[in-house]
Every structure is written in C-alpha cells, then in structure tokens.
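Colleague: Could you take me closely through one part of this model, the second largest pocket, and then follow the residues around it into the rest of the fold?

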Amino acid sequence: MKNRFLCLSTLLLFTVTSGFGQSRFYNTYGAEMLISGANIEDHGNEASAVIRFAPVINIQSNINTDISEHFGLYGGLTLRNVGYAYDNYMDPGSENIDKKKFRSYNLGIPLGFKVGNLSKFYVFAGYEIELPFAYKEKTYRDDVKINKSITWFSDRQQRIQHGFMVGAQLATGANITFKYYLSEFHNQDYVDADGYKPYDGLKSNIFYLSVGYMMFRELDESTP
C-alpha cells in the first residue's frame, strides 16, 4: 500500500512540475460536515452501523494547480473526525451485547484531480492516506454510558488508514464528497490488558458523505 501511495505521489508531482510550466499554483482552505457509516462484517456475518454525524472538526488545506480551464490537480493536508457507531458489539469478556461509538482524529494527505469548468461546476476524485492520532471509544449498556477511553496513537486501530474519494464542486463554493476507506478501522490483532482481542472478527470499513465549503475556491473570488 505504501509503495502504491509513493508511486502515485511521484507520478502526480512529476506531471505537475515537468509538463505544465505555465500552470498556476494557489492555496485553498475549507471545512466539511460528515455523515458516516460503515460496512461491517462481525465474525463472518454482515451487520449495520448506526449513522454518525460529525460537524467538527473537519478542515482541509489544498495546493491546487489548474493546468487548463477544465483540468487541474490538487494535494493537501486534512484534519478529520472519522468513526462509526455499532449497536451489537459483543464484549469478549462478559459476552454482553453493548453499543459502541468509535472515532479517531486523522491527519491526511489527499492527492487528486479536477475535471470540468474549474470556475463553476466540476467533479473531482482522488486518494488519501491518513494517520490516526487521537482514538476515542465509548461503551453503552442499556442506554447508559459505562466506559470511555481516549488513546493517542492507539494500537486499537490500523496505524495507517487510506481510501478514495469522489465529489462535485458547485459554483456557489459548496461541495459534496463521498469517501470509502479501503483499510479496516480496527486492528483485529490488538490484545487488551485482560488478554482479550476486542476486535477479533470485527471487520469494518468506513464510508462517509460530506458537505463542505470553499475546499477548492480561493478566498479572493475575483481571482479566476
């Protein structure tokens, strides 16, 4: 996976720097609100996640280059609140069925392209690799919160998250994005202090739909 990311990064960088000397580089900044879920396979059985709304904190800074009026490239840095909720988690110690809320803050590096009328409406697509650094897990039993844990750079997660995104940028400055994570959210091999593997057999791939603003638009709207 890391080799694929390195090849993609090198290819985009080579394309921008060697073939398009006339293109203009500019920075953009924006924010998103996420509605997320997950594809879950719990010990071989398909399960459903509870829809999760995350209005904060999801911000992004991009470096853009518009090679023409209809094609451009972008890369950047993101801070994103990613997670899901699951109502039918079985605790491996007590064998109780609990509700879990999982989330992490991730630092990401997206790379992608834009196609369409870059001053009005266009579509974009790309790939992003992310580093989870702040993990939170809440446990509810009979609708009562019984536990909450917060861990920095937790071994409970896959150390690197990655996925692809597609979206549309509107002339108003708003945009809509769909993202799917190819990596699993949890580390199934993690062993807790009691010797249990709390995520063994729990395979979950997160996806989300986001609504953002000014992700690819310069603050100075007079600039084409």
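Modeller: The second largest pocket, in what is a predicted model, has a volume of about 300 Å³. Its lining is made up of 18 residues, and those closest to the centre of the pocket are D91, K100, E137, N147 and D192. Three elements give two or more residues to this lining, namely β6 (97-116), β7 (122-141) and β8 (144-152). By class, the lining of the second largest pocket holds eight charged, four polar and six nonpolar residues.

E137, one of the residues closest to the centre of that pocket, is a good place to begin. E137 belongs to strand β7, and its relative accessibility is 5%, so it counts as buried, the limit for that term being under 20%. The side chain of E137 makes a polar contact with the side chain of Y199, at 2.4 Å. If neighbours within four places in sequence are left aside, E137 is in contact with K100, K101, F102, N147, K148, S149, R156 and Y199. K100 and N147 thus appear among the contacts of E137 as well as among the residues closest to the pocket centre.

Two of the contacts of E137, F102 and Y199, lead on to the aromatic residues, since both are members of one aromatic cluster formed by Y84, F102, Y135, F185, Y190 and Y199. The count of aromatic pairs in the structure comes to eleven. In one of them, the ring centres of Y84 and F102 are 5.1 Å apart and the planes stand at 40°, so this pair is classed as tilted. Y84 lies in strand β5 (residues 71-90) while F102 lies in strand β6, and the pair therefore ties together parts that are 18 residues apart in sequence. Both partners are buried, Y84 with a relative accessible area of 0% and F102 with a relative accessible area of 1%. A further tilted pair is formed by Y181 and Y208, with 6.3 Å from centre to centre and 55° between the planes. Because Y181 sits in strand β10 (residues 174-181) and Y208 in strand β11 (residues 202-213), this pair ties together parts that are 27 residues apart in sequence. Y181, at 2% relative accessibility, counts as buried, and Y208 is likewise buried, with a relative accessible area of 2%.

Y181 also brings in N106, a residue of strand β6. N106 is buried, with a relative accessible area of 2%, and its side chain makes a polar contact with the side chain of S104, at 2.8 Å. Beyond the neighbours within four places in sequence, N106 is in contact with T78, L79, R80, V82, E130, L131, P132, F133, Q161 and Y181.

Two names in that list connect N106 to the enclosed spaces, R80 and P132. The structure holds two cavities of 30 Å³ or more, and the largest cavity has a volume of about 100 Å³. Of the 13 residues that line the largest cavity, Q60, R80, M165, T177 and M215 are the closest to its centre. Strands β5, β7 and β10 each supply at least two residues of this lining, which divides into seven nonpolar, two polar and four charged residues. The second largest cavity holds about 30 Å³ of space, and it is lined by P132, F153, S154, Q157, Q158 and R159. By class, the lining of the second largest cavity has two nonpolar, three polar and one charged residues.

One more residue completes this walk, in the segment after β11, where R217 lies. R217 is buried, with a relative accessible area of 12%. Its C-alpha atom is separated by 9.0 Å from that of A174, although the two residues are 43 residues apart along the chain. Not counting residues up to four places away in sequence, R217 touches T28, L118, S119, K120, Y122, Q169, L170, A171 and G173.

Put together, the path runs from a pocket whose lining draws on β6, β7 and β8, by way of E137 and its polar contact with Y199, into the aromatic cluster that contains Y199 and F102. From N106, the contacts with R80 and P132 then lead to the linings of the largest cavity and the second largest cavity.

Key: Residues numbered from 1 in each chain as written. Predicted model: local features only at pLDDT ≥ 70, side-chain atom pairs only at ≥ 80, totals over all residues. Heavy atoms only, no water. 1 Å grid on protein atoms, 1.4 Å probe; cavity = no way out; pocket = protein on both sides within 12 Å on 5 of 7 lines; lining within 4 Å. Points joined across faces, edges and corners; volume = space filled by probe spheres on them. Helix = DSSP H or I, 4+ residues; strand = E, 2+ residues; numbered from the N terminus. Nonpolar A, V, L, I, M, F, W, Y, C, P; charged D, E, K, R; others polar. Phe/Tyr/Trp six-rings, centres within 6.5 Å; stacked < 30°, edge-to-face > 60°. Buried < 20%, exposed > 50% of the residue type's maximum accessible area, 1.4 Å probe, protein only. Polar contact = N/O pair within 3.5 Å; in protein donor to acceptor, adjacent residues only side chain to side chain. Contact = heavy atoms within 4.5 Å.
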